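Please look through the sequence and the model below before reading on. The notes that follow begin with one residue and then move outwards to chains, their contacts and a metal site.

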Amino acid sequence: MANDIILETESLSKHWGGIKALNDISLRFHDRQLHGVVGPNGAGKSTLLNMLCGTLKPSRGCIFHKGEQIDGMKPWKFVRRGIGRSFQKTNIYTVATCLENCAVAAQRRFAGSFNLLASRHTNQRVTEAAEKALHQVGLERRIHTVAAEISYGEQRQLELAMVLATDPCILLLDEPMAGMGHEESQRIIALLDQLKRDYCIVLVEHDMDAIFELSDQLTVLDNGTHLITGTVDEVRNDPRVKEAYLGKDDDAEEEAA
Amino acid sequence: MIFEKRTERLFLPVFLLIVLCLPLFLEANSFFVSKVTTVLILATFVMSLDFLVGRVGLVTLGHALFYGLGGYLFVIIAPEYEAVNFWLYTFYVCALAALIALVVGVVVLRTSGIYFIMITLAISQMAYYFFFDSLNFGGSDGVFIFMKPETSIFGLSFLNLDDPMHFYYLAVLSLFNTLLFLKLILRSRFGRIVEASRQNPERTEALGYNIFAFRLISYVIASTLGAYAGFLFALQYGFVNPSFLTWEMSGTALVMSILGGMGTIYGAILGTFAYEGLQYLFEHLTEEWLLFMGGAIILMVIVLRKGLAGYLEKLLEK
Amino acid sequence: MSTELFFVQLINGIQYGLLLFLIASGLTLVFGVMGILNLAHGSMYMVGAYLVWYLVNVTGSFTVAAALSAVIALGLGILIERLLIQRLYNRNHLDQVLLTIGMIFVFNSLQSILWGNDPYGVSVPDALSAAIPFTENSSYPVYRIFAAVVCVAIAGALYFVVSKTRLGMLIRAGESNREMVEALGVNIRTLYTVVFAIGVMLAAISGIIAAPMRSIVPGMGESVLITCFVVVVIGGMGSIKGAFVGALLVGVISTFAAVLMPSLSNMVIYIFMILVLLVKPQGLFAK
Amino acid sequence: ATDPVKIGLMLPFSGIYAQLGEAGRDGLKLALKQNAAELDGVTFEYIALDTEAKPARAPELASSLLNQHNADFIVGPVHSGVAMGMIKMLRGKDTIMIIPNAGSAAATGPLCAPNIFRTSFSSWQPSYPMGQVALDKGYKKVYAISWNYGMGRESLDAFEESFTAGGGEIVEKVLLPFPSTNFQSHVSDIAATNPDAVFTFFAGGGAIKFVKDYDAMGLRGKIPLLGSGFLTEGTLEAQGPAAEGVMTTLHYAEQLDVPANQAFREAFNTEYGHYPDIYAVQGYDAGLAIANTIEKLNGDITDKQAVISTMEKLTIDSPRGEFTFSKAHNPIQNIYLREVKDGVNVVQSIAAKSLEDPARGCKL
Amino acid sequence: MSNQLLEVHNLNTLYGRSHILHDLSFRLAKGESMSLMGRNGMGKTTTLKSILGIVPPRSGHVYFDGEDISHLPTWKRMRRDIAYVPEGRGMFHNLTVKEHLQMAARPGSNGETKWDYDRVLATFPRLSERLCNLGTELSGGEQQMLAIGRALVTNPRLMILDEATEGLAPLIRQDIWNVIASIRESGISSLVVDKNIKALKGLCDRHVVIVKGKVHFDGSSSELDQNLEKVETALSV
Ligand SMILES: Nc1ncnc2c1ncn2[C@@H]1O[C@H](COP(=O)(O)OP(=O)(O)OP(=O)(O)O)[C@@H](O)[C@H]1O
Ligand SMILES: Nc1ncnc2c1ncn2[C@@H]1O[C@H](COP(=O)(O)OP(=O)(O)OP(=O)(O)O)[C@@H](O)[C@H]1O
Ligand SMILES: [Mg+2]
Ligand SMILES: [Mg+2]
């Protein structure tokens with residue numbers, strides 16, 4: 001069961017005018033695995049995620065969820081199928097409290113969003129789910145703080161909490177750790193490590209430590225094309241990847257120091 | 001609790017008390033009874049706009065379309081020389097208005113922001129020209145409603161629309177019902193998503209909500225309430241004119257609701273009464289009332305950051 | 001419609017469109033590019049027309065009156081921005097609506113106090129009062145050709161400044177993120193004051209140019225306001241090119257509609273706008 | 001009499017029609033002031049409300065004058081839509097309503113009422129005689145153009161009625177949306193149609209624009225321009241030379257050679273510092289109607305029935321010439337043919353003598 | 001003249017009622033580059049914004065090149081040759097990449113134009129392929145490059161970078177460090193906020209760690225090494 005293909009793309013492409021952001025990408029994402037996606041800036045990672053969650057329509061190619069073709073559907077239908085995504089650029093309700101942010105995310109699961117009369121505060125399950133998500137990312141101190149008033153890094157945590165609150169079975173995460181401090185990153189890594197036992201996670205990150213530690217499979221994109229997909233070790237030692245992405249070796253940064 | 005703010009809990013009972021008792025001090029036939037009735041009806045209209053603009057986030061310059069339609073729909077469907085049942089025709093008018101709002105909503109909600117403002121404006125202007133040019137519905141001069149509806153339910157009649165006092169209380173009732181209804185919606189689960197879609201539509205969609213549906217429902221609700229207010233207004237004087245659905249009418253309502261404190265719902269009452277009160281005052285003080293009115297508006301925008309409601313909250317909150 | 005009449009009407013339409021662009025030009029700058037919702041734009045148009053009428057009577061020369069009026073309008077623009085608009089940049093757009101509606105009231109009232117409510121007209125300056133024979137029983141006034149040329153010139157200049165110069169980039173950047181522009185060391189306050197004032201001046205200039213062709217009456221500002229917004233929106237916010245094309249389209253369409261189906265002609269531009277927005281929800285030239 | 005007689009004014013003092021409202025008010029006040037001596041001590045109190053020409057506010061303002069201020073006479077309005085709102089409130093009430101401008105046919109037609117009078121005109125009156133004038137001048141084909149609203153439509157219909165009855169042909173009848181003033185394309189259309197003459201109803205800013213466009217496109221002097229008199233009322237100065245030769249019919253002309261007119265014009269000028277226009281005349285006549293009625297009743301206006309029957313029988317010595325009220329309370333008056341010469345509406349002839357509105361639909 | 005470029009004295013900054021910076025002081029010498037570290041929400045960004053006047057401090061002074069700039073509006077401070085790369089990048093949604101660079105470009109106050117349009121494109125070749133795209137159409141990393149490029153073309157004496165390398169791929173991140181290093185060599189000072197201690201240690205002369213709006217550590221790289229434990233606890237836990 002563990003390795004069921006849950007999401008699949010077939011020669012997915014996205015063009016903007018002359019720019020080929022993504023070209024002929026065919027990938028398979030397995031249930032209960034963390035699939036890392038890396039690549040230089042502008043390689044098309046966010047574009048890929050945007051298509052997987054329905055906000056962008058592919059120029060060409062198809063997307064299959066559990067064998068069913070889903071490209072062309074409205075974005076909100078993707079979410080209803082359990083595909084949740086976090087944004088690279090923080091995208092939250094800035095004037096609402098953190099709890100309310102997550103409550104909006106959680107409410108859909110417990111139905112009744114078209115209920116015009118029942119109070120929003122009476123559904124215990126929504127509140128609980130929202131609180132749980134905030135705990136998971138470590139924002140428990142900020143539950144009642146308005147989102148505009150928390151720092152950038154904390155907003156990144158909230159961003160992730162909101163996806164978790166939708167309780168998706170596929171998590172598409174776009175650089176969740178960017179902007180977070182060391183400590184917070186560690187916490188998220190631990191969280192993802194735990195979550196990947198139950199979910200399919202597609203993780204885009206530039207934090208190599210995290211990616212290498214977490215990924216079951218790793219895909220490298222470069223300039224819109226698919227470079228390689230494999231286990232961490234396969235990818236790490238691939239010369240093309242070193243050249244295009246990692247640089248001379250992993251500890252390049254230290255060397256500069 | 002529907003009323004979360006202290007200000008609301010203080011202001012609304014006081015206001016209710018005042019409007020309920022006001023007629024005790026006035027002659028039944030006096031101008032002030034009918035004037036306050038008009039303002040109450042207008043406040044109902046402004047409130048529906050405040051909900052749409054301030055809470056749903058759909059800024060429109062075409063809301064008067066429904067204000068005018070409320071009256072015109074009645075003129076169109078009711079027989080000219082026969083007193084029809086008020087409740088039944090209220091239902092008819094509202095149902096028809098809702099239906100129209102649904103169709104209009106499906107079209108206009110494809111756009112957003114300034115484009116939404118303009119497309120709603122365009123549709124209301126078209127309706128304006130339609131009635132302005134139509135010979136059947138009185139054209140530019142408007143039409144009269146000759147017979148006021150009777151109000152019996154199962155043969156029992158306790159409300160006489162020809163009596164200004166009765167009409168006054170009907171207007172009070174309508175305003176407070178609208179207020180309660182809107183407040184209830186905003187507090188509801190539906191309201192949560194509606195507000196989320198205003199603050200960040202992209203995110204809300206990414207959380208799995210079909211924001212179009214939420215907006216459409218809200219649009220229909222606000223429009224129907226607006227039509228109801230317009231229907232009452234048309235009944236009050238028995239007169240309908242195409243100018244009821246001009247963009248100036250929408251604009252004035254917008255001004256009242258911003259003045260009151262956009263998005264606070266109860267601010268609509270403050271805004272409408274303040275605007276009408278000031279206009280009455282200046283008109284009776286000076287011929288150049290427009291100058292003073294403009295000056296007062298400018299002053300209030302500069303001084304009050306969040307409208308009159310915001311000011312009130314600053315005084316009462318905490 | 002005969003081909004001859006068709007061309008005559010086409011020219012009428014283009015000329016009307018150009019005039020519309022002229023009136024809308026200030027609005028495109030202030031609203032489309034800077035993102036300030038100035039409903040009192042029409043009032044500035046009115047002020048321009050009344051000023052030039054008044055000054056022509058005082059000075060006796062259209063040129064002098066026009067120049068003076070434009071300068072006064074510029075000053076007025078600076079004053080308005082400094083005293084009022086500037087306080088609202090950090091606030092909701094709707095507060096700008098409220099403020100500028102208040103301004104409409106004030107301007108209308110001042111107009112009636114200062115200049116009365118009679119309708120006025122300005123005669124075409126002598127140098128431009130000739131007419132060119134056109135069809136067998138009609139001719140085309142030189143002044144209208146002159147006005148069209150001014151419109152095209154202003155359109156060109158505006159397009160160049162906004163989309164090609166550094167100044168234009170700064171203005172656009174300010175609409176997107178004021179704080180960031182200031183963090184690049186640009187005095188955005190003064191910049192916006194000046195640009196807003198230029199927008200006001202453009203409105204006034206269009207009032208000045210239009211004065212000899214139209215009537216100067218109370219409420220003239222509001223009647224053009226909506227049409228200007230239609231033009232800007234059809235073209236797409238922030239696009240000068242769009243506003244220009246939008247104005248020409250509106251001009252030509254409403255001219256033909258006026259002849260072919262007069263009773264519908266006011267609705268036609270609204271129908272046209274709705275169609276445009278349904279196909280392109282962001283206007284014709286949206287980025 | 002101790003209590004002042006209360007006169008409510010419901011006129012536009014701001015917006016497009018402000019000039020008309022002010023003129024009407026000034027005329028009215030002048031008339032009552034001039035006649036004060038004969039009214040043995042009756043004083044007047046004015047309550048002026050600005051209608052802004054907005055129909056939506058009309059019932060409310062009328063109710064204010066009626067119930068709050070208890071006005072004895074209500075003079076207004078200018079705008080037909082506002083008139084409808086007022087009539088709705090005032091019809092059948094005790095207070096007398098005198099319309100000093102709005103031409104709406106309904107006011108003295110289907111909606112006529114004992115307490116509603118009009119000192120101006122019905123939209124039918126100024127235009128109907130022009131049909132005959134056009135025929136007399138030998139015009140066979142006429143292009144008719146106006147705004148698509150009550151007054152515009154009714155004016156064209158009235159012209160058409162007499163013109164086609166006499167064998168003329170309306171080659172084109174154009175109704176433009178009100179208040180659009182984009183006339184250039186229609187002027188081109190007129191040039192292409194090449195009719196014998198053009199008949200129009202426009203007023204105010206639209207009138208100026210139309211006459212100017214007509215001239216600018218070179219049609220003046222080639223195709224005669226006829227119109228209901230409002231085309232050149234209060235607008236001549238702004239139209240300048242473009243208006244030369246325009247022929248119009250109206251119930252008044254500035255240079256009208258009637259003794260009352262000369263006296264009125266001078267008195268108005270001394271009072272207000274400028275000469276009056278048609279709208280001032282109509283307001284003045286409303287004032288005369290009130291003053292004469294009070295005079296006839298020796299200052300006692302408590303019996304409203306008496307007020308109405310007195311007013312009905314008045315002969316008003318107006319600057320436009322004497323006139324009386326018809327059954328429907330519309331003036332029976334002369335209509336003059338005028339032509340613009342050197343910037344003045346010069347009276348050519350009386351186009352129709354003591355013309356009475358047909359008052360279709362009135363059951364009085 | 002002192003050789004201090006930037007001096008911050010007793011800054012106190014509040015958002016509404018919440019007191020964020022408490023008597024914050026530090027100095028930065030000419031040509032020196034400094035890092036500002038701290039956990040999320042400790043006030044790093046607030047410090048930078050207070051220095052630039054984007055958020056006005058309640059009290060305290062900021063001296064630049066010996067001159068008190070505390071009362072100048074933001075744009076005048078920037079004209080003293082300060083450049084700012086904000087967190088979140090501050091792209092203009094209606095300007096193309098090319099225009100971003102063109103609009104910002106100006107010589108430094110001493111008339112120098114070391115950094116110009118071409119040099120930025122040479123530094124970030126990725127951008128030259130995207131010249132006609134709008135700022136917000138770029139990928140996250142491309143935006144970061146553009147934000148840095150836009151700061152560089154103002155030819156500053158002090159570069160302030162908030163979350164300098166957020167969202168950049170390892171190779172590019174390396175490039176940015178190199179750029180900062182080369183900036184430093186050419187005498188431009190920099191004040192860098194980033195979470196990558198390792199890189200910062202090698203790159204910066206001085207390091208300031210902020211905890212809850214107070215300076216917790218202030219010292220050179222070698223001092224940092226000695227107090228590594230203290231610093232690391234401040235940055236985690
Ligand atoms: N709306 C758009 N219009 C035009 N080009 C776009 C648009 N969005 C993205 N692109 C281009 O597509 C390419 C891929 O962008 P994408 O955001 O997917 O990159 P990425 O791999 O996520 O990079 P990063 O790691 O920097 O976030 C980029 O070069 C970008 O400039
Ligand atoms: N606009 C604001 N209103 C109220 N409080 C704010 C506001 N902006 C920031 N804060 C608060 O100020 C504190 C410091 O925020 P700041 O953004 O300076 O942190 P930071 O150190 O830059 O964090 P990060 O690494 O996450 O960007 C935080 O606790 C935050 O909640
Ligand atoms: Mg990305
Ligand atoms: Mg920060």
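In this predicted model, B:Gln125 is in contact with B:Leu245, B:Thr246, B:Trp247 and C:Tyr270, once its neighbours within four places in sequence are left aside. The list of partners thus names residues of chain B together with a residue of chain C. The points below are grouped by topic, starting with the setting of this residue.

**The surroundings of B:Gln125**

- B:Gln125 is found in helix α5 of chain B, a helix that covers residues 114-133.
- Is B:Gln125 buried or exposed? It has a relative accessible area of 6%, and because buried means under 20%, B:Gln125 counts as buried.

**How the chains meet**

- Six pairs of chains touch in the model, and among these pairs the most contacts are found between chains B and C.
- Chain A and chain C are not joined by any contact, and their closest C-alpha atoms lie 13 Å apart.
- Chain B and chain E do not touch either, with their nearest C-alpha atoms 14 Å apart.

**Chain B as a whole**

- Chain B contains 13 helices and two strands, and its radius of gyration is 19 Å, close to the 20 Å that the globule rule gives for 318 residues, so chain B is as compact as a globular protein of that length.
- The C-alpha trace of chain B spans about 55 × 45 × 45 Å when it is taken along the principal axes.
- Of the 318 residues in chain B, 66% are buried, and B:Gln125, described above, is a buried residue of this chain.
- If one takes the contacts in chain B with a separation of 6 or more, residues 24 or more positions apart account for 78% of them.
- Chain B exposes about 11,300 Å², and carbon and sulfur atoms supply 68% of this area.
- Chain B carries 18 positive and 21 negative charges, and the mean positions of these two sets are 19 Å apart.

**Chain A as a whole**

- Chain A contains 10 helices and 11 strands.
- How does the radius of gyration of chain A, which has 257 residues, agree with that of a compact globule? A compact globule with that number of residues would have a radius of gyration near 18 Å, and chain A has 19 Å, which agrees.
- Along the principal axes, the C-alpha atoms of chain A fill a box of roughly 60 × 45 × 40 Å.
- Buried residues make up 61% of the 257 residues of chain A.
- Among the contacts in chain A with a separation of 6 or more, 66% are accounted for by residues 24 or more positions apart.
- The exposed area of chain A is about 10,200 Å², of which carbon and sulfur atoms supply 46%.
- There are 29 positive and 37 negative side chains in chain A, and the centres of the two sets lie 9 Å apart.

**The magnesium site in chain E**

- Which residues coordinate the magnesium ion, ligand 4? E:Thr45, through OG1, and E:Glu87, through OE, coordinate the ion at 1.9 to 2.3 Å.
- This pair links distant parts of the chain, 42 residues apart, since E:Thr45 is in helix α1 (residues 44-52) of chain E and E:Glu87 is in the loop between β6 (82-85) and α3 (97-104) of chain E.
- E:Thr45 counts as buried at 14% relative accessibility, whereas E:Glu87 is partly exposed, with a relative accessible area of 21%.

Methods
Residues numbered from 1 in each chain as written. Chains lettered and ligands numbered in written order. Predicted model: local features only at pLDDT ≥ 70, side-chain atom pairs only at ≥ 80, totals over all residues. Heavy atoms only, no water. Helix = DSSP H or I, 4+ residues; strand = E, 2+ residues; numbered from the N terminus. Rg over C-alpha atoms; globule rule 2.2 N^0.38 Å. Buried < 20%, exposed > 50% of the residue type's maximum accessible area, 1.4 Å probe, protein only. Contact = heavy atoms within 4.5 Å. Areas by Shrake-Rupley, 256 points an atom, 1.4 Å probe, with all protein chains shown as cover. Lys, Arg positive; Asp, Glu negative; His and termini not counted. Charge placed at Lys NZ, Arg CZ, Asp CG, Glu CD. Donors = N, O, S within 2.8 Å, 3.2 Å for Na, K, Ca; no water.
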